[in-house]
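Visitor: Could you take me in for a close look at one part of this chain, the place where its interior is put together? I'd also like to know how that part fits with what lies around it.

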Amino acid sequence: MTTSGASVPESDRVDSASAIRVLLADDQELVRSGFRLILQVQPDIEVIAEVGDGLACVETARRLRPDVCLVDIRMPKLDGLEVTRALAGPGVVDPLRVVVVTTFDQDDYVYGALQGGACGFLLKDAGPGLLVEAVRAAARGDALVSPSVTVRLLERLATPVAQETVCPATALTERELEVVGLVAQGCTNQEICAKLHLSLGTVKTHLGNIQAKLGMRNRVEIAAWAWRNGHRTQP
């Protein structure tokens with residue numbers, strides 16, 4: 001089903017039992033339509049709803065429980081930051097996965113979405129491949145940290161801190177710091193495996209330990225911590 005937007009033809013839908021269920025939230029119908037057209041042709045993705053304002057996004061997301069919410073940073077009634085906090089923020093019992101859509105040049109405050117629980121970023125003019133990648137990454141809990149998107153954003157917004165407020169870097173092992181540095185450069189788990197000659201299971205274990213030690217909930221927050229504190233591997 002869809003909300004506040006054009007319906008998706010039954011013939012274009014995929015098996016909802018196995019598909020990644022996506023909610024689109026943007027006040028521009030043209031943007032929603034473009035995203036929907038790209039996503040609904042994917043065999044493993046189903047757009048289950050689209051809404052035009054933040055309040056409708058929160059209400060619809062809580063009712064339908066999509067696998068991924070693509071949320072514009074600027075919407076009426078509630079903006080993307082408020083929506084992100086409501087759906088994925090600290091204290092949310094069963095948080096949803098939110099990918100924030102930004103124009104990048106104008107949205108300096110989008111960094112606040114990280115603290116609100118966002119698991120990825122997507123440029124509004126991103127190509128079809130990046131859009132699909134962002135949805136799939138969020139769905140599998142492997143948030144999009146693309147060198148073409150998030151690293152530039154983090155570099156622009158990151159500010160050094162005089163004293164680490166969550167956990168000192170010394171709490172991390174040398175190998176964990178290597179993993180952190182690669183995460184901050186946008187490497188996927190598979191790329192980290194190849195660069196450090198580790199198994200996928202070992203990389204996932206390191207990421208879990210890093211998140212626990214730093215008090216982070218996902219790899220985007222790990223990347224932000226790395227950029228703030230100078231623990232990033234040079235590309």
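Guide: Happy to. One cut-off will help us first: a residue counts as exposed when its relative accessible area is over 50%, and as buried when that area is under 20%. Please also keep in mind that this is a predicted model.

Let's come in from the outside, at Lys-77, which sits in the loop between β3 and α3. Its relative accessible area is 63%, so Lys-77 counts as exposed. The backbone is worth a glance here too, as Lys-77 is not a glycine and yet has a positive phi, near 75°.

From that loop we can step onto α3 and its partner α2. Helix α2 covers residues 54-64 and helix α3 covers residues 80-88; their axes come within 9 Å and cross at roughly 15°. With that angle, α2 is roughly parallel to α3, and the crossing is right-handed. On the α2 side the contact is made by Gly-54, Cys-57, Val-58, Ala-61 and Arg-62, and on the α3 side by Val-83, Ala-86 and Leu-87. Sorted by character, the residues of this contact are six nonpolar, one polar and one charged.

Two of those names lead us further in. The largest nonpolar core has 27 residues, and Cys-57, Leu-87 and Cys-69 are the ones with the most contacts inside it. Strands and helices both build this core: two or more residues come from each of β1 (20-25), β2 (45-51), β3 (68-72) and β4 (98-102), and likewise from α2, α3, α4 (111-115) and α10 (219-229). Helix α2 gives the largest share, five residues.

Cys-69 deserves a pause of its own. Leaving aside residues up to four places away in sequence, Cys-69 touches Leu-23, Ala-61, Leu-87, Leu-96, Arg-97, Val-98 and Val-99. Ala-61 and Leu-87 in that list also belong to the contact of α2 with α3. There is a second, separate core as well, with 22 residues, including Phe-35, Ile-45, Leu-123 and Ala-134.

For contrast, let's look at another helix pair, α7 (residues 174-184) and α8 (residues 189-196). Their axes come within 10 Å and cross at roughly 130°, which makes α7 oblique to α8. This crossing, too, is right-handed. Helix α7 contributes Arg-175, Glu-178, Val-179, Leu-182 and Val-183 to the contact, while α8 contributes Ile-192, Lys-195 and Leu-196. Here the division is five nonpolar, no polar and three charged. A reminder that helps when reading such lists: an α-helix has 3.6 residues a turn, so residues three or four places apart point the same way. Among the buried residues of α7 are Val-179, Leu-182 and Val-183. After α7 comes Gly-186, with a positive phi near 90°.

Beyond α8 we are back outside, at His-197 in the loop between α8 and α9 (200-214). His-197 has a relative accessibility of 72% and therefore counts as exposed. Its phi is positive, about 55°, although His-197 is not a glycine.

Finally, let's step back to the whole chain, which has ten helices and five strands. Of its 235 residues, 52% count as buried. Among contacts with a separation of 6 or more, 70% join residues 24 or more positions apart.

Conventions: Residues numbered from 1 in each chain as written. Predicted model: local features only at pLDDT ≥ 70, side-chain atom pairs only at ≥ 80, totals over all residues. Heavy atoms only, no water. Axes fitted to C-alpha atoms, helices over the stretch in contact; angles between N-to-C directions. Helix = DSSP H or I, 4+ residues; strand = E, 2+ residues; numbered from the N terminus. Parallel < 35°, antiparallel > 145°, perpendicular 65-115°, else oblique. Left-handed = near helix turned anticlockwise from the far one by under 90°. Contact = heavy atoms within 4.5 Å. Nonpolar A, V, L, I, M, F, W, Y, C, P; charged D, E, K, R; others polar. Core = buried A, V, L, I, M, F, W, Y, C linked by side-chain atoms within 4.5 Å. Buried < 20%, exposed > 50% of the residue type's maximum accessible area, 1.4 Å probe, protein only.
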